[in-house]
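Hi,

Here is the structure I said I would pass on to you. Have a look at it, and then read my notes underneath.

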Amino acid sequence: MSYYSAGGNRHRTDISSILVIAGVMILCFLGTIPVNAQVVKVSPEIKVTPATQVTSAMQVTPAIQVISAVQVTSVIVPEQTSPVANFTANVVSGPAPLTVQFTDTSLNNPDSWLWDFNGDGRIDDQTRNPRYTYQQPGVYTISLIVASRNGKDEVRKLSFITVEKQVLVPVADFSADPVRGTTPLTVRFTDLSSYSPTSYAWDFNGDTSTDSSEKDPIFTYTDPGVYSVALTVRNKDGSDTISKKGYILAENPETITDTVFATPYPVGTISSPQPTSLPLTSRVQTTIPPVTGTEETYPFPALLIGIFIVALLVAGGFILKRSGSSHGQSGEDLHIEMSGGIDYGDGLLTRVDERRHSPGENARKQEEDH
Amino acid sequence: MTFSDLDQIGTSPEVTDEVTAMLRKTGISALQEAEQYVRKSGRTLPEKTDLSAEFARRLSGYITQGMVSLTIQRVSVSDEVRQSLKDSPSPYTLTLKKIAPFPLPEYAPYVNIAIKTGAAELFRSHAAFVVKSVIALQDTRITLQEKKIKEYKFGSLNAAMSIYMKKDAIKEQLHSFNRDLTIPGMMAGER
């Protein structure tokens with residue numbers, strides 16, 4: 001279709017624009033668009049102006065001059081107070097185990113919440129502001145569905161929580177048995193490190209070179225001397241070293257044989273290619289090693305055991321006395337009655353179910369009810 | 001269906017499992033106080049008396065009954081059912097293939113425990129709970145006759161349920177689960 005403007009110029013109209021205008025007018029007429037709706041316009045308005053009468057030979061009837069089409073992209077209706085789901089978390093990343101406090105920030109007062117903390121589609125919590133602890137490292141998607149009588153809404157936050165692997169650097173420790181004896185002295189070393197080391201490096205004589213990579217090695221000292229022992233352990237998260245100075249005392253058997261009954265073991269008479277020459281009494285070490293064959297007895301544990309036995313006897317006598325006296329008491333035995341019901345809140349379906357515990361009573365009560 | 005019909009609904013074994021697990025995990029003060037009273041009294045209870053088991057059985061029954069009652073109410077007022085009501089003298093069955101998950105209103109089952117000797121009551125305790133749940137149904141079959149619902153059968157019923165301890169106005173969450181439930185007497189395919 002075409003028309004002529006005041007200047008006599010011929011213009012073509014856009015069929016699609018006319019169709020859009022007609023459609024909007026029909027919708028308005030049918031009332032599907034509320035009168036208070038706000039139409040979102042994304043291009044200039046239609047301007048309807050009467051055409052100027054052309055004085056030339058061609059008579060032009062008034063026509064609609066279409067400048068451009070209105071494109072309706074959305075219609076905003078008045079707010080229906082449907083809930084709008086949203087939430088925050090107090091922490092979004094950290095090492096496992098990671099405890100996260102979620103806070104509901106949904107709009108329009110929902111009254112039910114369904115949380116999925118790990119993106120598996122299963123409901124994990126139904127409280128408003130839940131707390132959840134992630135045990136396993138990973139990246140987690142969180143979903144929240146909120147609902148009210150006006151509707152429901154869902155928000156899904158992808159890769160929202162990042163749980164990192166727990167870093168566990170091993171802590172080195174060990175023991176040895178025996179720590180003192182005559183050469184050749186065979187010592188069994190036991191690893192006591194924590195956090196699962198994956199490799200071991202033992203230095204049995206303090207020369208900083210690795211003598212064994214076993215977890216629980218056995219080593220024989222052939223030369224008399226005082227030896228420092230070090231252990232380095234490693235895993236994927238790091239390493240740790242413990243060194244126990246003057247830890248092993250390997251004694252010359254000839255020296256001990258000559259003087260064992262005559263005098264105390266002479267200090268400083270140990271000779272070896274690499275002695276540390278430390279007197280026994282001033283040995284430097286970070287822990288006190290177990291000394292075999294020299295256990296001293298203490299009266300204290302025996303005293304404790306004795307007190308414990310007496311307490312048991314007294315308590316036992318007391319219990320026996322009570323049970324004996326209770327049997328001697330006259331009177332009926334106890335019986336339990338359980339009852340209950342459901343409160344639906346609106347009172348429409350409230351009912352109390354009174355039943356006795358014993359099966360015979362239950363059957364009688366059911367017969368009465370029916 | 002009348003309320004007395006609902007009384008005949010069995011307790012869901014899955015709900016019983018969950019309630020039993022809940023009682024093992026969390027102490028209920030009313031139950032613990034009753035057990036403590038029995039111990040301190042030095043008296044005996046009838047043979048094979050298990051307070052915890054009876055408490056779990058009773059609470060599971062109330063939870064099941066409340067869930068089924070509210071679910072039936074919710075389904076009964078749905079558009080599909082209302083539009084299907086007709087004055088037919090012979091019974092007819094309406095099948096609802098899939099009902100989108102819907103939340104049930106909160107309900108509060110409660111249990112009272114009384115310890116007696118003869119007719120004399122020595123001890124009483126009360127435990128109240130709140131149950132919130134979201135139910136999903138599939139293949140629900142409703143038998144109607146003369147505009148009245150005569151029977152409900154569930155094809156499958158999935159419940160996401162949270163159980164809270166109710167102390168005055170405070171609710172303390174005790175247990176949550178999400179699983180398919182069977183309701184004895186109300187499942188399609190039962191004989």
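Below is what I found when I went through the strands and how they pair.

One thing before you start: this is a predicted model.

Let's begin with the open sheet. Chain A has one built from 4 strands, in the order 6-11-10-8, and the pairing in it is mixed. Its edges are strand 6 (93-95) and strand 8 of chain A, each of which pairs on one side only. Going from one strand to the next, the twist averages 25°.

Now for the pairs inside that sheet. Strand 8 of chain A covers residues 112-116 and runs antiparallel to strand 10 (residues 138-148) of chain A, with 5 bridges between the two. If you want a spot to click on, try Trp115(A), whose bridge partner in strand 10 of chain A is Leu144(A).

Strand 10 of chain A also pairs with strand 11 (residues 151-164) of chain A, again in the antiparallel sense, and here there are 10 bridges. These two strands of chain A are joined as a hairpin, with 2 residues making the link. Two bridge pairs help to find your way along it: Ala147(A) has Lys152(A) in strand 11 of chain A as its partner, while Ile142(A) is matched with Lys157(A) in strand 11 of chain A.

Next, a little further along the chain, have a look at strand 17 of chain A, which spans residues 225-235. Is it mostly covered or mostly uncovered? Mostly covered: of its 11 residues, 8 are buried.

Which strands does strand 17 of chain A pair with? One is strand 15 (residues 199-203) of chain A, which lies antiparallel to strand 17 of chain A over 5 bridges. In that pairing, Ser199(A) sits opposite Arg234(A) of strand 17.

Another is strand 18 (residues 238-251) of chain A, also antiparallel to strand 17 of chain A, this time over 10 bridges. Strands 17 and 18 of chain A make a hairpin too, and 2 residues lie between them. For a landmark here, take Val229(A): its bridge partner in strand 18 of chain A is Lys244(A).

In case sheets are new to you, their strands pair through backbone hydrogen bonds, either parallel or antiparallel.

I'd start with the two hairpins, strands 10 and 11 of chain A and strands 17 and 18 of chain A, and then follow the pairings outwards.

Cheers

Technical notes: Residues are numbered from 1 along each chain as its sequence is written. Chains are lettered from A and ligands numbered from 1 in the order in which they are written. This is a predicted model: local features need pLDDT of at least 70, side-chain atom pairs count only at pLDDT 80 or more; totals for chains, interfaces and linings use all residues. A residue is buried if 20 or more other C-beta atoms lie within 10 Å of its own, exposed if 12 or fewer, and partly exposed in between; C-beta atoms are placed from the backbone. Two strands pair if DSSP finds at least two bridges between them. Axes are lines fitted to C-alpha atoms, for helices over the stretch in contact, and angles run from 0 to 180 degrees between N-to-C directions.
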